[in-house]
Amino acid sequence: MPADSGIAEAAAVLRAGGLVAFPTETVYGLGANALDARAAARIFEAKARPSFDPLITHLADAADLPGLVGAMPPAVAALVERFWPGPLTLIVDRPAAIPPIVTSGLDTMAVRVPDEPSARALIAAAGVPVAAPSANRFGQLSPTRAEHVVAGLGDAVDVVLDGGATRCGIESTIVDARGDRPVVLRLGALPVEALVEAVGEVTVRPGSSGQPVAPGTLAAHYAPRTPLKLGAAESAASDGGRRGFLAFRERPVDGWAAVEVLSPEGDLTAAAARLFDALHRLDAAGVTEIVAEPVPDVGVGRAINDRLRRAAATWH
């Protein structure tokens, strides 16, 4: 149902323990009442998500955070003030009200306030924090349109709110700012450069091969069903033209069965917004392999390349 007119019904579903997929500025989330352990368990079941991978808790307003977690470290409070609402997830100590299943047993919780009016309206109408990872099968491409959610999860979701294409197109940046220096645990839609400008030097430590310390940090993740590898356009199709190519700016010479160009203008923000949508189309094109061209490794380009590397790692 439309995101602007389905808020009341979707909020009632959340309060009753159901699952609601909804748009944020990053990707579509699969939401459940974060205070209800059984509802949160439905997220793991619907996504086929391993229980060791924690969820992000979403709030309607930054003012809701102190009432949930109490006093915050100064750096956390500064980042909240500067970047919320927005594509920044912060690590805080898990409050007693949040059941351990939401945090996969960790004593920390990932939390953010989305910069999407319908998402905040939904959370406010539900009257509870909303646990919401991306609304896709675990490890697969994140959804940036409602149709991606329906195709991936089907009737495992009670309600899908359709707000059109998401603005950022990749997930939030995750930061642990409880210590002496903020640590970036997942590159995302908020560039590292913006964090440095706000709080000074940060440490970037994304990626995990064992128990994740934050959502979306496994080394192999965000993958299409079609095998993907990193490469350049010069590696022209060699199997009868049945390979697809994901380009940053320029369409390659003939020889590819399907081609997606992220941004002819070379705009990394626009490229991020189109990344998963383009990969969904290539995945549906019937190609035998997707070759993805890395983008400049600056700003949000670092997060794009991070997603491409994790997708490729799934197939190697």
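The following exercises, with worked solutions, concern helix packing, burial and backbone geometry in a predicted model.

Residues are numbered from 1 along each chain as its sequence is written, and side-chain values use heavy atoms, with hydrogens and water left out. Because the model is predicted, local features need pLDDT of at least 70 and side-chain atom pairs count only at pLDDT 80 or more, while totals for chains, interfaces and linings use all residues.

**Exercise 1. Classify the crossing of helix 1 and helix 5, and describe the contact.**

Step 1. Helices (H or I, at least four residues) and strands (E, at least two) are DSSP runs, numbered from the N terminus. Axes are lines fitted to C-alpha atoms, for helices over the stretch in contact, and angles run from 0 to 180 degrees between N-to-C directions. For helix 1 (residues 7-15) and helix 5 (residues 117-126), the axes come within 8 Å and cross at roughly 50°.

Step 2. Angles under 35 degrees count as roughly parallel, over 145 as roughly antiparallel, 65 to 115 as roughly perpendicular and the rest as oblique. Helix 1 and helix 5 are therefore oblique to each other.

Step 3. The crossing of helix 1 and helix 5 is right-handed; a crossing is right-handed if the near helix is turned clockwise from the far one by less than a right angle, and left-handed if anticlockwise.

Step 4. Contact means heavy atoms within 4.5 Å. Helix 1 contributes Ile7, Ala10, Ala11, Leu14 and Arg15, and helix 5 contributes Ser118, Ala121, Leu122, Ala125 and Ala126.

Step 5. By class, the contact of helix 1 with helix 5 has 8 nonpolar, 1 polar and 1 charged residues. Here Ala, Val, Leu, Ile, Met, Phe, Trp, Tyr, Cys and Pro count as nonpolar, Asp, Glu, Lys and Arg as charged, and the others, Gly among them, as polar.

**Exercise 2. Carry out the analysis for helix 8 and helix 9.**

Step 1. The axes of helix 8 (residues 268-283) and helix 9 (residues 301-313) come within 9 Å, with a crossing angle of roughly 20°.

Step 2. Helix 8 and helix 9 are therefore roughly parallel to each other, and their crossing is left-handed.

Step 3. On helix 8 the contact involves Leu268, Ala271, Ala272, Leu275, Phe276 and Leu279, and on helix 9 Gly301, Ile304, Arg307 and Leu308. The classes for helix 8 with helix 9 are 8 nonpolar, 1 polar and 1 charged residues.

**Exercise 3. Determine the surroundings of Glu171.**

Step 1. Glu171 is placed in the loop between strand 7 (159-160) and strand 8 (173-176).

Step 2. Buried means under 20% relative accessible area, exposed over 50%, and partly exposed in between (1.4 Å probe, protein chains only). With a relative accessible area of 5%, Glu171 is buried.

Step 3. A polar contact is a pair of N or O atoms within 3.5 Å; within protein, one must be able to donate a hydrogen and the other to accept it, and residues adjacent in sequence count only if both atoms are side-chain atoms. The side chains of Glu171 and Arg307 make such a contact at 2.8 Å.

Step 4. Beyond neighbours within four places in sequence, the residues in contact with Glu171 include Thr26, Ser142, Arg186, Tyr222, Phe276 and Arg307.

**Exercise 4. Describe helix 2 and its two ends.**

Step 1. Within helix 2 (residues 37-47), the buried residues are Ala39, Ala40, Ile43, Phe44, Ala46 and Lys47. Their cover includes strand 2 (28-33), strand 6 (130-131) and helix 6 (146-153).

Step 2. Asp36 caps the N-terminal end of helix 2, with a side-chain oxygen 3.0 Å from the backbone nitrogen of Arg38.

Step 3. Just after helix 2, Ala48 takes a positive phi of about 55°. Ala48 belongs to the loop between helix 2 and strand 3 (56-58).

**Exercise 5. Which peptide bond is cis, and what is the phi of Ser104?**

Step 1. Most residues other than glycine have a negative phi, and most peptide bonds are trans.

Step 2. The bond from Trp84 to Pro85 is cis, with omega near -10°. Pro85 is found in the loop between helix 4 (74-83) and strand 4 (88-93).

Step 3. Ser104 is not a glycine, and its phi is positive, near 55°. Ser104 lies in the loop between strand 4 and strand 5 (108-112) and is buried, with a relative accessible area of 14%.
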